[in-house]
Amino acid sequence: MSSATGLFVTFEGGEGAGKSTQIRRLADVLRSRGHDVLLTREPGGSPGAEAVRHVLLSGAAEAFGTRMEAILFAAARNDHVEEVIRPALEAGRIVLCDRFMDSSRVYQGITGNLEPDFIETLQRVAVNGVMPDCTLILDLPARAGLERARRRGAAGDVAPDRFEKEEVETHEKRREAFLDIAAREPERCHVVNAMQGEQALADEILSIVDQLVAPVTDLKMVEPAHE
Ligand code: TYD
């Protein structure tokens, strides 16, 4: 089931793909055109989910196993969906979310080795019918992504989180898993090459999203935001 009135776009991919930069750029362009955009992220995005985010990314839950982590991601996602995403879509807003359910399928399901049935059940409860209209998968080789993420870390921005610390092989497996999801759900998923220049990537993403925005006639418009 898709959203009734708004538009729900998620960004997915491995580390260092440039998701955060690209999602911000897309939000800026859409806002400059007068769209009412909600920019959010996972894990987190609502007060309840942000509390769980800390437990997950600090590694505090790691000792309790991947099932526990998967359930915590799902708990955070459900809170985010019910408190923030669903109301925004019902109000006709464009919701841009940095990571969503596909990250759980890949990180907990594939590289966390959890059974597909278990992951699917958690997903059903977590999203409760709120599925992305479009998912952009920012694709790049694991080594290149890790290199970028490491440089970001060295610049003093952020310390590597629990999931960034894992090996190249694990990251390569995740890349394959994202591509697999895209191949199985080609209507929802669009794979974009994250190795191209930042501007070219932004243009490609905008052209994909533009095609979705155009047919939705009841999107909420506001006073255009100027950058
Ligand atoms: P974050 O700091 O948001 O970084 P980024 O998205 O730039 O990598 O970290 C989120 C981390 O959580 C990331 O390593 C992927 C992981 N994650 C999961 O394992 N499962 C999930 O369902 C989600 C949403 C994220």
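These legends go with a few close-ups of a predicted model. Residues are numbered from 1 along each chain as its sequence is written, and side-chain values use heavy atoms, leaving out hydrogens and water. Local features need pLDDT of at least 70 and side-chain atom pairs count only at pLDDT 80 or more, while totals for chains, interfaces and linings use all residues.

**Close-up A. Who sits around the ligand?** The shell has 15 residues, and the closest are Glu15, Arg77, Arg99, Ser104 and Gln108; a residue gets in if one of its heavy atoms lies within 4 Å.

**Close-up B. Polar side chains meet ligand oxygens.** Look for polar contacts, meaning N or O pairs within 3.5 Å. Arginine 99 puts a polar side-chain atom 2.7 Å from a ligand oxygen, arginine 77 has a side-chain N or O atom at 2.8 Å from one, and for lysine 19 the distance is 3.5 Å. On its own the ligand exposes 550 Å², and the protein buries 91% of that (Shrake-Rupley areas, 1.4 Å probe).

**Close-up C. Helices around the ligand.** Here α2 (47–57), α3 (66–90) and α4 (101–110) each bring at least two residues to the shell, and α4 gives the most, with 4. Helices are DSSP runs (H or I, at least four residues), numbered from the N terminus.

**Close-up D. Cysteines without a disulfide.** A disulfide needs two cysteine sulfurs within 2.5 Å, and the whole structure has 0 of them. For cysteine 97, the nearest cysteine sulfur is 13 Å away, in cysteine 134. Cysteine 189 can't bond either, because its closest cysteine sulfur, also in cysteine 134, is 8.2 Å away. Cysteine 97 counts as buried because its relative accessibility is 0%, and cysteine 189 is buried at 6% (buried is under 20% relative accessible area, 1.4 Å probe, protein chains only).

Methods
Buried means under 20% relative accessible area, exposed over 50%, partly exposed in between (1.4 Å probe, protein chains only). A polar contact is a pair of N or O atoms within 3.5 Å; within protein, one must be able to donate a hydrogen and the other to accept it, and residues adjacent in sequence count only if both atoms are side-chain atoms.
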